[in-house]
Amino acid sequence: MTRYVINRIFLLIPIALGVTFIVFTIMNLTPSDPGRIMLGEMADREAVSQLNRELGFYDPFFVRYFNYVAGAVRLDFGVSFRSGRPVFEEIFLRFPNTLNLAFLAVICAAAVGIPLGILSAVKQYSHIDTVSRIISMLFAAAPVFFLGMMGIYIFSLRLQWLPAFGASTWEHFILPVITLSIPSAASLLRLTRSTMLETINQDYIRTARAKGASERRVIFRHALKNALLPIITILGMNFGFLLGGAILIENVFSIPGLGQLLVNSIRLMDIPQVMASTLFLALLFTLIILVVDLMYSFIDPRIKAKYSKIK
Amino acid sequence: MPRELMSIENLSVIYKTDLETVRAVNGVSITLEKGKTLGIVGETGAGKTTLALSLMRLLPKATGRITEGRVILQDQDLYKLSEIEMKSIRGNLVSMIFQDPMTSLNPIMKVGDQIAESLILHNDEKLTKEQISARVEETLTLVGIPPFRKNDYPHQFSGGMKQRVVIAIALACKPQLLIADEPTTALDVTIQAQVLSMMADLKEALDTAMIMITHDIGIVAQICDYVAVMYAGEIIEYGTIQDIFDHSREHHPYTVGLFGSIPDLKHKTRRLSPIDGLMPDPTMLPRGCAFSPRCPKCEPLCKDQKPPDRDNNGHRIRCYFVGGAQ
Ligand SMILES: Nc1ncnc2c1ncn2[C@@H]1O[C@H](COP(=O)(O)OP(=O)(O)O)[C@@H](O)[C@H]1O
Ligand SMILES: [Mg+2]
């Protein structure tokens, strides 16, 4: 088991190399001028090219990538062209906002999506089932920024119940969190429903019924626990997606988070900041998936056995 | 005096979907005595599983319907009981073993806990935790599994061992009736024999009546007291094992075809031999005798009207031309 975890953590290295290489390539496909960004529009051309030379910007592509990786190995990811501060300082300044947003959104989505999904499955073909299926279908497909703008229009502009922009109080988080959680809740509902239905039709559920177990016991003790595996996967994936996917929401609601940082850095061609932000998100996502995988083994003895055999 | 345990009276079951109505069981009547074994034989699709599930009231809720008939178990009409009363019968008075042991156990529960669950659900004797745990070990020993394996999960067992666990679950509460739906079909031949002889021994030891659903004539010959031959949802022949395996007696044309030449009880038996043609589509059953389209002895009368049961001292045959008192 420990061995397995260590192996998985070592896998982060090729992932990091892959991600940085791809982002580095993409960023280099677009013409940019870091010296100009750092010194401003008024600076003279000589100073700008002097700075670019110092930054190694005129070196060949692979030399620059190698230098980047060499720096990264020493945990030197460079400074933001825009602010001049170390890139990870910028990231950690904003990350708590994004984390809050994603975490609360996942909780909301789970709290709504999973119980409704179970209910929908247990009462298949009932009115509750039909209604929640239709609503979830609509919301799973609704774009987040549209939901966000509708939310701002109704609850901030019209009703004036909630603030629309910023992140200074907890009330600022209500609209973004709800908006962000709606599509997740909808997809979670659909997934919970289908896995529950599939599980309920398994033979061992019939065995449980034949033992004289009550319907409640059959659903919660036997079916739900078995259906939990795919639900947890989707929950973990959602968390990962929401971390990055908060990009749109952070921009709609002007929340200073990682998403907003990433978008602004791309717009300004702030290469070190873009590199570090995407790398951070990618590694975080991979770690979340690892945690989800490990949670499996606590639920399912078959998977635990498989991990132990890798030893 | 016959010690009657269960009587099934004119039972009919359908599966109703938006598209069609499947007539899976059509007017089945059988009685079962305490401690005896009834074999139900028939081809796939004859309605054997459906019959078994309706005895437990475990038909799929969305589609399965009991359209007529009664099932009386020890003077209780099962179809008049509430779901709560029925729950206390399932796994306690009547247990069921399903066909596929590979999928019949909950993959994420220890086998010991799965056996204990039956005991906890029907804890009429107010057993303590320790007593239940002792009973679990006892039951495991009974089915030939070392008790220390109670903390293992199903994936750690072979197919035959899994079926033993399934049997242990079914027998944990010492039921009056055990319904076994093709319990050995999914197992290797060598394992089949072991599991079967174990079941026969346990049945003897616990004085449990059994309904053994199978399409293996060998199994019938080995452990059954009575045999019912099922075809298109009907019992077309019923009798004691001696009646059914007696060469000198008349048999339903389907039984004759099913058994090929009926093997001698003393000799090695074999699997059912297929008969030309297919079973009628259960959504469109023929008006007359269900077997008439395949029957070598078919007459115009057979296609027109359902034949009656002809009874010869309890050996019943549903045909115009064979059976009845000679
Ligand atoms: N859930 C179901 N819905 C619709 N038809 C079914 C269902 N289960 C079984 N049937 C049909 O009922 C008939 C009897 O099936 P079954 O009782 O499983 O037969 P057997 O156990 O003898 O093979 C078959 O025609 C089968 O297709
Ligand atoms: Mg069957």
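## Exercises on a two-chain model

Let's start where the chains meet: 21 residues of chain A are in contact (heavy atoms within 4.5 Å) with 24 residues of chain B. This is a predicted model, where local features need pLDDT of at least 70, side-chain atom pairs count only at pLDDT 80 or more, and totals for chains, interfaces and linings use all residues. Residues are numbered from 1 along each chain as its sequence is written, chains are lettered from A and ligands numbered from 1 in the order in which they are written, and side-chain values use heavy atoms, with hydrogens and water left out.

### Exercise 1: the interface

Work out how much area is buried between chain A and chain B, and which residues of chain A lose the most.

Step 1. Buried area is the accessible area (1.4 Å probe) that two parts lose on being put together, summed over both. Here that comes to about 2200 Å², with 60% of it from carbon and sulfur atoms.

Step 2. On chain A's side, A:Arg206, A:Ala210 and A:Lys211 lose the most, together 29% of what that side buries.

Step 3. Now look for salt bridges (a side-chain nitrogen of Lys or Arg within 4 Å of a carboxyl oxygen of Asp or Glu). There are three between the two chains. A:Glu215 makes a salt bridge with B:Lys61, and their closest N and O atoms sit 3.7 Å apart.

Step 4. Find the elements of chain A involved; helices (H or I, at least four residues) and strands (E, at least two) are DSSP runs, numbered from the N terminus. Helix H10 (203-210), helix H11 (215-252) and helix H14 (301-310) of chain A each give two or more residues to the side that touches chain B.

### Exercise 2: chain A

Say how many helices and strands chain A has, and find a salt bridge that ties distant parts of its sequence together.

Step 1. Count the elements: chain A has 14 helices and zero strands. Its C-alpha trace spans about 85 × 60 × 30 Å along the principal axes.

Step 2. Go to A:Arg8, which forms a salt bridge with A:Asp293; the closest N and O atoms are 2.7 Å apart. A:Arg8 is in helix H1 (residues 2-10) of chain A and A:Asp293 in helix H13 (residues 271-299) of chain A, so this pair links parts 285 residues apart in sequence.

### Exercise 3: the sheets of chain B

Trace the strand order in two open sheets of chain B, one of four strands and one of eight.

Step 1. Two strands pair if DSSP finds at least two bridges between them. The four-stranded sheet runs S2-S1-S4-S5, with antiparallel pairing. Strand S2 (21-33) and strand S5 (76-77) of chain B are at the edges with a single partner each, so one side of each has no neighbour in the sheet.

Step 2. Zoom in on strand S1 (residues 4-16) and strand S4 (residues 64-73) of chain B: they pair over eight bridges in the antiparallel sense. One bridge partner to spot is B:Arg70 in S4(B), opposite B:Glu9.

Step 3. The eight-stranded sheet has the order S6-S7-S8-S3-S9-S10-S12-S11, and its pairing is mixed. At its edges stand strand S6 (94-97) and strand S11 (309-312) of chain B, each with a single partner strand, so one side of each is left without a neighbour in the sheet.

Step 4. Try a parallel pair: strand S3 (residues 37-41) and strand S8 (residues 209-214) of chain B share five bridges. Within S8(B), B:Met212 is the bridge partner of B:Gly39.
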